[in-house]
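Trainee: Could we go through this one together? I'd like to talk about how the helices pack and where the empty space is.

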Amino acid sequence: MKNSDTKREMLRHTVATLAYRGAKAVRGAPESFASFKAAETTRTPAEILAHVGDLLDWALSIAKGEETWHNSKPVKWNKEVQRFHSSLRAFDKYLASKSGLSASCERLFQGPIADALTHVGQIAMLRRMAGKPIRGENYSRARIESGRVGAQQEKPQREFD
């Protein structure tokens with residue numbers, strides 16, 4: 001671990017896990033996937049990804065002690081994907097810094113990060129429902145590292161259908 005604060009490092013690893021799983025869920029999705037509706041009352045993938053971006057921005061604001069929430073309108077799919085990774089990058093950069101956290105790692109995990117993980121799973125499920133599935137993976141074998149939060153992730157080690 002790079003930091004002597006093991007909770008903070010575990011939170012950074014969780015953020016990297018979110019990046020890995022999120023990148024896989026959105027990689028190769030056609031622009032048309034952004035507006036897929038599983039049912040009349042469900043969110044579209046673009047709405048879900050916009051919400052995930054809001055969650056990550058909220059996490060950063062909590063960490064800095066300036067808690068704010070925004071409900072963003074979804075933008076073009078590729079821009080939402082870019083926002084996802086830039087919001088991850090900003091939050092991870094803050095966690096990696098020597099700046100203090102204004103909330104516990106547990107609060108940051110149980111609120112915005114756990115919620116974001118749930119929504120990434122929804123996007124993966126919607127991919128399958130939309131006929132554009134991603135392959136299953138043994139994520140315990142994935143090469144996930146703290147700080148790797150961009151779209152470029154390590155190649156999956158053990159995928160399956």
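Mentor: Sure, here are some questions and answers on helix packing and the largest pocket, bearing in mind that this is a predicted model.

Trainee: Let's start with helix 2 and helix 3: are they roughly parallel or roughly antiparallel?

Mentor: Take helix 2 as residues 45-64 and helix 3 as residues 77-96; their axes come within 9 Å and cross at roughly 20°. Angles under 35 degrees count as roughly parallel. That crossing angle therefore makes helix 2, relative to helix 3, roughly parallel.

Trainee: And what is the handedness of the crossing where helix 2 passes helix 3?

Mentor: The residues in that contact of helix 2 with helix 3 are 16 nonpolar, 2 polar and 5 charged. As for the handedness, helix 2 passes helix 3 in a crossing that is left-handed.

Trainee: Now helix 2 against helix 4: roughly parallel or roughly antiparallel?

Mentor: Here the axes are 10 Å apart, and the packing angle is about 165°. Angles over 145 degrees count as roughly antiparallel. So helix 2 sits against helix 4 roughly antiparallel.

Trainee: Which residues meet there, and how many in the contact of helix 2 with helix 4 are charged?

Mentor: On the helix 2 side you'll find, among others, Ile48, Val52, Leu55 and Trp58, and they face a helix 4 set including Leu108, Ile113, His119 and Ile123. The crossing of this pair is left-handed. By class, the contact of helix 2 with helix 4 has 16 nonpolar residues, 4 polar ones and, for charged, 2.

Trainee: What about helix 1 and helix 4: roughly parallel or roughly antiparallel?

Mentor: Their axes come within 9 Å and cross at roughly 15°. Helix 1 passes helix 4 in a left-handed crossing. Because of that angle, helix 1 and helix 4 count as roughly parallel.

Trainee: How many residues in the contact of helix 1 with helix 4 are charged?

Mentor: Look at the residues that meet: Lys7, Arg8, Arg21 and Lys24 are among those from helix 1, and Glu106 and Arg127 are among those from helix 4. The contact also holds 14 nonpolar and 2 polar residues, and the charged count is 6.

Trainee: On to the empty space: which element gives the largest share of the lining of the largest pocket?

Mentor: The pocket holds about 220 Å³ of space. Of its 14 lining residues, the closest to the centre are Arg21, Gly121, Ala124, Ile134 and Tyr139. Helix 1 (6-26), helix 4 (105-129) and strand 1 (136-137) each give two or more residues to the lining. The largest share, 5 residues, comes from helix 4.

Trainee: And how many of those lining residues are nonpolar?

Mentor: Split by class, the lining of the largest pocket has 2 polar residues and 5 charged ones. The nonpolar count is 7.

Terms used. Residues are numbered from 1 along each chain as its sequence is written. This is a predicted model: local features need pLDDT of at least 70, side-chain atom pairs count only at pLDDT 80 or more; totals for chains, interfaces and linings use all residues. Side-chain values use heavy atoms; hydrogens and water are left out. Axes are lines fitted to C-alpha atoms, for helices over the stretch in contact, and angles run from 0 to 180 degrees between N-to-C directions. Helices (H or I, at least four residues) and strands (E, at least two) are DSSP runs, numbered from the N terminus. Angles under 35 degrees count as roughly parallel, over 145 as roughly antiparallel, 65 to 115 as roughly perpendicular and the rest as oblique. A crossing is left-handed if the near helix is turned anticlockwise from the far one by less than a right angle, and right-handed if clockwise. Ala, Val, Leu, Ile, Met, Phe, Trp, Tyr, Cys and Pro count as nonpolar, Asp, Glu, Lys and Arg as charged, and the others, Gly among them, as polar. On a 1 Å grid over the protein atoms alone, a cavity is a set of points where a 1.4 Å probe fits but cannot get out, and a pocket is an open set with protein on both sides within 12 Å along at least five of seven lines; lining residues have an atom within 4 Å of a point. Grid points are joined across faces, edges and corners, and a volume is the space filled by probe spheres set on the points. Contact means heavy atoms within 4.5 Å.
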